[in-house]
Amino acid sequence: MKKAYNFNAGPCVLPQQAIDAAIAALQDFKGTGMPVISVSHRSKEWEETMNECRALWKELLNIPDNYEVVFLGGGASLQFLYVAMNLLENKAGYLETGVWAKKALKEAKGIGNAICIASSADKTYSYIPKGYEIPKDLDYFHITTNNTIYGTEIKYDMDCPVNLVADMSSDIMSRPVDVSKYALIYGGAQKNVGPAGVIFAIIRKDILGKVSRYLPTMLDYRTHIEKESMFNTPPVFPIFVMTETLKWLKGIGGVEAIHKINVEKAQLLYDEIDRNPLFVGTAAKEDRSIMNVCFVMAPGYENLQDEFLAFAKERGMVGIKGHRSVGGFRASLYNACPKEAVQALVACMQDFEKLHK
Ligand SMILES: *Cc1c(COP(=O)(O)O)cnc(C)c1O
């Protein structure tokens, strides 16, 4: 089979162990004689998987007892709406650190009074705003911890005087998180914990039931908490693969262990970007993401962009083209991206340098 170094931003590389388990479960799910995509979601075998998935989330992130985890369809983009519908009564504040943050704010504005507290749009979202004040009268403050397109990241759990809501689509499970600092954490699975088709939401239960608007049954988090994410047919296959991905993560030592590796991988690539005269990083150094590494050709070498893309492609690099809105290059180094892939990319950049210096 062709070997590819997969740096795609999402859907992303997944551990081989999870892929193998998925293939096996498509043949025969837990000895039922049926593929996992045909078993009843009310069967005891499926319920077991659902419970295992929830338990892995709670264990890996050390989620306190006053939180619930739900798994739903609709993507992180629909969660932008869920958050506002379920939590916005008087006023909500958003930190605008990229396109996803902006889209989250847009959805909230359609529901009620949502304001931008600080933005880094002035410099193409290349940094995380600092020194802003969070008003005490907000129902919640919304952040996007990792900005997938621009390669910036809030790498710590901030203190927040109001309920803190975080879109962690692209850095969930990449580092230990103090869940107790957040009222709600959500994201799409397809960036770091599974295939596309399922979202996770970690919800502190006391924040719900405080809004006066009518909540359609499907858009009410309480429905899905009460029915343990089985109010309607859950996205069975994505949840299965996510469960296997989390089993893999637990097997290699959990979020502490993977965080060490992630930091090493990112450092390796950032060091090369900083050393290699042909390339330059686009994110402010102190805000650099350990998940999505963004860079461009250095001044004077801009005309080599397409040539480098072709050169890298020839060597098996997949998905390093930057997002269409920013150009350049982006290497996504999610949990399942092996260190060898990063080493191969670094070697590729060094060989390209030799060709052109
Ligand atoms: C990809 C992404 C989204 C959108 O996810 P969908 O599941 O495609 O709706 C939202 N937020 C962030 C930070 C992302 O990276």
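## Exercises on a predicted model: ligand shell and cysteines

In this predicted model, the ligand is surrounded by 13 residues, the closest being Ser77, Thr148, Asp167, Gln190 and Lys191.

**Exercise 1.** Characterise the shell around the ligand by residue class, and state which helix gives the most to it.

*Solution.* Begin with the classes: the shell holds 3 nonpolar, 8 polar and 2 charged residues. Next, turn to secondary structure: helix 3, spanning residues 75-87, gives the most, with 4 residues.

**Exercise 2.** Determine how far the polar side-chain atoms of Asp167, Gln190 and Lys191 lie from polar atoms of the ligand, and then how much of the ligand's accessible area the protein covers.

*Solution.* Take the ligand nitrogen first: an N or O atom in the side chain of Asp167 is 2.6 Å from a nitrogen atom of the ligand. Continue with oxygen: a polar side-chain atom of Gln190 lies 2.9 Å from a ligand oxygen atom, and one of Lys191 lies 2.6 Å from a ligand oxygen atom. Finally, consider the area: on its own the ligand has 390 Å² of accessible area, of which the protein covers 87%.

**Exercise 3.** Establish how many disulfides the whole structure contains, and explain why Cys53 and Cys348 form none.

*Solution.* A search of the whole structure returns 0 disulfides. The criterion is a pair of cysteine sulfur atoms within 2.5 Å. For Cys53, the closest cysteine sulfur belongs to Cys12 and is 15 Å away, too far for a bond. For Cys348, the closest cysteine sulfur is that of Cys337, at 14 Å, again too far for a bond. As to exposure, Cys53 is buried at a relative accessible area of 0%, and Cys348 is buried at 0% relative accessibility.

Terms used: Residues are numbered from 1 along each chain as its sequence is written. This is a predicted model: local features need pLDDT of at least 70, side-chain atom pairs count only at pLDDT 80 or more; totals for chains, interfaces and linings use all residues. Side-chain values use heavy atoms; hydrogens and water are left out. A residue is near a molecule or strand if one of its heavy atoms lies within 4 Å of it. A polar contact is a pair of N or O atoms within 3.5 Å; within protein, one must be able to donate a hydrogen and the other to accept it, and residues adjacent in sequence count only if both atoms are side-chain atoms. Accessible areas come from the Shrake-Rupley method with a 1.4 Å probe; for residues, only the protein chains shown count as cover. Helices (H or I, at least four residues) and strands (E, at least two) are DSSP runs, numbered from the N terminus. Ala, Val, Leu, Ile, Met, Phe, Trp, Tyr, Cys and Pro count as nonpolar, Asp, Glu, Lys and Arg as charged, and the others, Gly among them, as polar. Buried means under 20% relative accessible area, exposed over 50%, partly exposed in between (1.4 Å probe, protein chains only).
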